[in-house]
Amino acid sequence: MGVKDEVKYVEIVYRGIFQKRLAKYIAEGIVYTAREMGRPALSFGRYGDSPERNGVPAKYYVGIGNGVNEEDLIGYSTRVEPDLVDTIIVLDDTLLKGVESWAWQGVQPINLKLKSNGTMLVTSTRRINELLKMIPKKDFNWTLGVINTEPSFSGLWAFKDDLTMEKVWGGLAKLRPDIIDLDHLIKYVSKKQDANKRISAVKEAYSSVDYRTVMKGEGIDFVYNPPRLLTWHEMLEGTVIPAVPRGKRNELFKRGTTKFERPTVDFDTCIKCKLCWIYCPDECFDETPDGYYDIAYDYCVGCGICADVCPVKDCIVMVDESMFTDYRRPYEMWKENKAKYKEWLKNVRQARKERVYVPGLGR
């Protein structure tokens with residue numbers, strides 16, 4: 001057997017900058033627990049995610065050897081990323097919609113690299129059946145687990161010690177004892193400060209994690225078409241780089257999966273001032289024939305600038321991205337049925353505080 005067949009990999013998907021330290025510490029804990037079990041292990045960030053941008057999906061990996069020495073493990077882990085992974089840990093449930101880190105990859109399905117009979121563990125307050133409305137189908141059975149907790153944002157400069165690490169470790173130990181087991185995990189955690197409360201969090205997550213087998217073909221359709229890059233003989237000579245034409249977007253660079261909130265628009269109160277269109281740094285707004293401004297959600301990163309600059313109270317309001325299952329444009333919905341759109345708008349804005357699923361129009 002080659003090294004590739006003798007290594008178990010854990011992929012940790014997180015929001016760049018905002019969850020960087022959290023993901024790093026989770027990976028570190030898995031490594032040390034595996035070493036408590038007598039196995040070589042190491043963690044590494046995916047090269048393609050550096051430099052990370054605010055909120056952009058990014059990844060950490062943990063490699064755990066079984067019958068291989070650490071030197072061989074290090075050698076194989078110098079690659080950008082593994083071909084397949086045994087477990088995926090997702091630290092924000094809105095990332096289930098897809099992962100777009102760089103334009104040369106396109107929007108990838110969250111479970112692209114999951115092995116047959118693999119495991120995905122998500123931090124979320126939603127039920128498994130709700131999450132499956134965002135997760136692509138696989139042609140094999142796999143396990144989905146949910147740790148009932150809000151997304152934790154512990155970024156580059158600050159760390160929110162809310163026991164999310166311990167909860168993730170406990171859930172992982174329950175679902176994948178072949179990667180880390182409870183006894184060795186507790187031994188590792190017992191060496192940390194405030195060990196008693198951390199051990200309690202581990203045990204609680206271990207006993208309460210919700211999980212079930214996701215059957216072959218269960219989930220949503222997700223067509224992944226990686227962008228075709230130019231070959232060397234198709235590129236222009238020298239350092240000439242053709243610019244995107246004025247008024248157009250780069251079709252290969254859809255950062256819609258970056259956002260954990262999206263703007264909603266009340267067109268009935270819009271005064272057509274153009275400020276959202278002027279200030280949007282990602283050019284997500286398109287002028288309509290009647291002077292309103294529609295939103296291309298697959299390019300929107302959820303920065304909230306449009307809501308900040310809008311002079312009309314509650315005309316543009318940011319809401320929870322995880323309530324939505326598609327990128328249907330708001331203007332299209334409004335024109336189709338204004339009364340129904342108004343009621344829908346009221347519901348999604350109210351649900352912003354409650355984090356509950358609200359079915360959209362035409363879904």
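This short talk goes through the strands, the nonpolar cores, a surface patch and the salt bridges of the structure shown above.

Let me begin with the ground rules. What we have is a predicted model, in which local features need pLDDT of at least 70 and side-chain atom pairs count only at pLDDT 80 or more, while totals for chains, interfaces and linings use all residues. Residues are numbered from 1 along each chain as its sequence is written, and side-chain values use heavy atoms, with hydrogens and water left out.

I will start with the strands. Helices and strands here are DSSP runs numbered from the N terminus, with H or I over at least four residues for a helix and E over at least two for a strand; two strands pair if DSSP finds at least two bridges between them. Strand β1, residues 7–15, pairs with β3, residues 57–65, in the antiparallel sense over 9 bridges, and within that pairing Tyr-9 stands opposite Gly-63 of β3. On β4, β1 has a parallel partner, joined to it by 4 bridges, where Val-13 has Val-90 as its bridge partner. Strand β4, residues 85–90, in turn runs parallel to β5 and is joined to it by 5 bridges, with Ile-88 bridged to Met-120. Finally, β5 pairs with β6 in the parallel sense over 6 bridges, one of the partnerships being that of Leu-121 with Gly-145 in β6.

How enclosed are these strands? By buried I mean under 20% relative accessible area, by exposed over 50%, and by partly exposed anything in between, with a 1.4 Å probe and protein chains only. In β1, 8 of the 9 residues are buried, so the strand is largely enclosed by the rest of the structure; for β5, residues 114–124, the count is 8 of 11, and this strand too is therefore largely enclosed.

That leads to the cores, a nonpolar core being a set of buried Ala, Val, Leu, Ile, Met, Phe, Trp, Tyr and Cys residues joined through side-chain atoms within 4.5 Å. The largest has 35 residues, and those touching the most other members are Ile-12, Ile-26, Ile-30, Ile-89, Leu-91, Leu-121 and Trp-169. Elements that each supply at least two residues include β1, β3 and the helices α1, α4, α5 and α6, and α1 gives the most, with 7 residues. Apart from this core lies another, of 29 residues, including Phe-285, Ile-295, Tyr-297 and Cys-300.

Which residues does Trp-169 touch beyond its neighbours within four places in sequence? Taking contact as heavy atoms within 4.5 Å, the list is Tyr-25, Ile-26, Gly-29, Ile-30, Ile-180, Leu-185, Tyr-188, Val-189 and Lys-192. Helix α4 also holds Glu-166, which counts as buried because its relative accessibility is 0%; with the same sequence neighbours left aside, Glu-166 is in contact with Lys-192, Arg-198, Ala-201 and Val-202.

Turning to charge, side chains of opposite charge can pair when their charged atoms come close. A salt bridge here is a side-chain nitrogen of Lys or Arg within 4 Å of a carboxyl oxygen of Asp or Glu, and the structure holds 26 of them. In one, Glu-28 meets Lys-24 at 3.9 Å, N to O, both lying in helix α1, 4 residues apart, about one turn of the helix. Asp-178 and Arg-176 meet at 2.7 Å, N to O; Asp-178 is partly exposed, at 26% relative accessible area, whereas Arg-176 is buried, at 10%.

A further pair, Asp-268 and Lys-342, has its closest N and O atoms 3.8 Å apart, and this pair links distant parts of the chain, with Asp-268 in the loop between β8 and α7, Lys-342 in helix α10, and 74 residues separating them. There is also a network of salt bridges, linking Asp-93, Arg-126, Glu-130 and Asp-320.

Last, the surface. Phe-18, Phe-153 and Phe-260 form a nonpolar patch with about 230 Å² of accessible area together. Patches are made of residues with over 30% relative accessible area and no salt bridge, like charges being joined within 9 Å and nonpolar side chains (Val, Leu, Ile, Met, Phe, Trp, Tyr) within 5 Å; the areas come from the Shrake-Rupley method with a 1.4 Å probe, and for residues only the protein chains shown count as cover. Phe-153 lies in the loop between β6 and α4 and counts as partly exposed because its relative accessibility is 33%.
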